[in-house]
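User: I'd like to learn how to read a fold like a structural person would. Can you walk me through one?

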Amino acid sequence: MSYHSEFNNNIGRCVAIRCHDGTTHYGYIDHCDRDNVYLRPMEGGNDGPGFGSYFFFGAALIAVGLASIAAYSWSPFFFW
C-alpha cells in the first residue's frame, strides 16, 4: 500500500511523520494529493492533544512531500 492511499484512508487521524532530513511533523491529516500530505498542526506545538483554536478554526497547513517521508506513526494524542 502506498503512502498516498494510506493517508487518504485515514484523513482526520493524528499522525507523527518523520522525514529523511530528521524533522518530525505532528498533526491531523487534512488531505493528501499525489505529491504531498497536508497536516493541520496541533495547537501549542507538539505538546498536547490540540483540540483548541487550530483544530476548530483552521491554521496554515503543513505540506509534507510523500517522497521525503522516512516513517510515520498513528496515535490518538502525542505527549512529549
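Analyst: Sure. Let's begin with the sheet, and with what pairing means: two strands pair if DSSP finds at least two bridges between them. Keep in mind that this is a predicted model.

User: Okay, in what order do the strands sit in the sheet, and how do they pair?

Analyst: In general, strands of a sheet pair through backbone hydrogen bonds, either parallel or antiparallel. Here five strands make an open sheet, ordered β4-β3-β2-β1-β5, with antiparallel pairing. The edges are β4 (62–65) and β5, each with a single partner strand, so one side of each has no neighbour in the sheet. On average, neighbouring strands are turned by 45° against each other, direction ignored.

User: How many bridges join β1 to β2?

Analyst: Five bridges join that antiparallel pair, and Ala16 stands opposite Tyr26 in β2. The β1 and β2 hairpin has four residues between the strands, and Gly22 there takes a positive phi near 95°. Moving along the sheet, β2 and β3 also pair antiparallel, over five bridges, with three residues between them in their hairpin. Tyr28 stands opposite Arg40 in β3. Then β3 and β4 run antiparallel and are joined by four bridges; Asn36 has Gly65 in β4 as its bridge partner.

User: You mentioned Arg40. Which side chain does Arg40 meet in a salt bridge?

Analyst: The general idea is that side chains of opposite charge can pair when their charged atoms come close. In this model, a search of the whole structure turns up one salt bridge. Arg40 meets Asp30 there, at 2.9 Å from N to O. Arg40 belongs to strand β3 (residues 36–41) and Asp30 to strand β2 (residues 24–32), so the pair ties together parts that are ten residues apart in sequence.

User: Are those two side chains buried or exposed?

Analyst: Arg40 is buried, at a relative accessible area of 18%. Asp30 comes out as partly exposed, with 26% relative accessibility. The cut-off for buried is under 20%.

User: Now the greasy part. Which residues make up the largest nonpolar core?

Analyst: In soluble globular proteins, nonpolar side chains tend to be buried together. The largest core here has eleven residues: Phe7, Val15, Ile17, Cys19, Ile29, Cys32, Val37, Leu39, Val64, Leu66 and Ile69. The elements giving two or more residues to this core are β1 (14–19), β2 and β3, and β1 gives the most, with three. There's also a second, separate core of five residues, including Cys14, Ala16, Tyr28 and Met42.

User: Phe7 is aromatic too. How many aromatic pairs are there?

Analyst: The count is five. To read a pair, check the ring planes: over 60 degrees apart counts as edge-to-face. The ring centres of Phe7 and Trp74 are 5.9 Å apart and their planes are at 75°, so that pair is edge-to-face. Phe7 lies in helix α1 (residues 3–8) and Trp74 in strand β5 (residues 69–74), so the contact ties together parts 67 residues apart in sequence. Phe7 is buried, at 0% relative accessibility, whereas Trp74 is partly exposed at 22%. Tyr72 and Trp74 have ring centres 5.3 Å apart and planes at 70°, so they are edge-to-face too. Tyr72 is partly exposed, at 29% relative accessibility.

User: Which residues form the aromatic cluster?

Analyst: Tyr3, Phe7, Tyr72 and Trp74 form one cluster. Try finding Phe7 in your viewer: that residue is in this cluster and in the largest nonpolar core.

Terms used: Residues are numbered from 1 along each chain as its sequence is written. This is a predicted model: local features need pLDDT of at least 70, side-chain atom pairs count only at pLDDT 80 or more; totals for chains, interfaces and linings use all residues. Side-chain values use heavy atoms; hydrogens and water are left out. A salt bridge is a side-chain nitrogen of Lys or Arg within 4 Å of a carboxyl oxygen of Asp or Glu. Buried means under 20% relative accessible area, exposed over 50%, partly exposed in between (1.4 Å probe, protein chains only). A nonpolar core is a set of buried Ala, Val, Leu, Ile, Met, Phe, Trp, Tyr and Cys residues joined through side-chain atoms within 4.5 Å. Rings of Phe, Tyr and Trp (its six-membered ring) pair if their centres lie within 6.5 Å; planes under 30 degrees apart count as stacked, over 60 as edge-to-face and the rest as tilted. Axes are lines fitted to C-alpha atoms, for helices over the stretch in contact, and angles run from 0 to 180 degrees between N-to-C directions.
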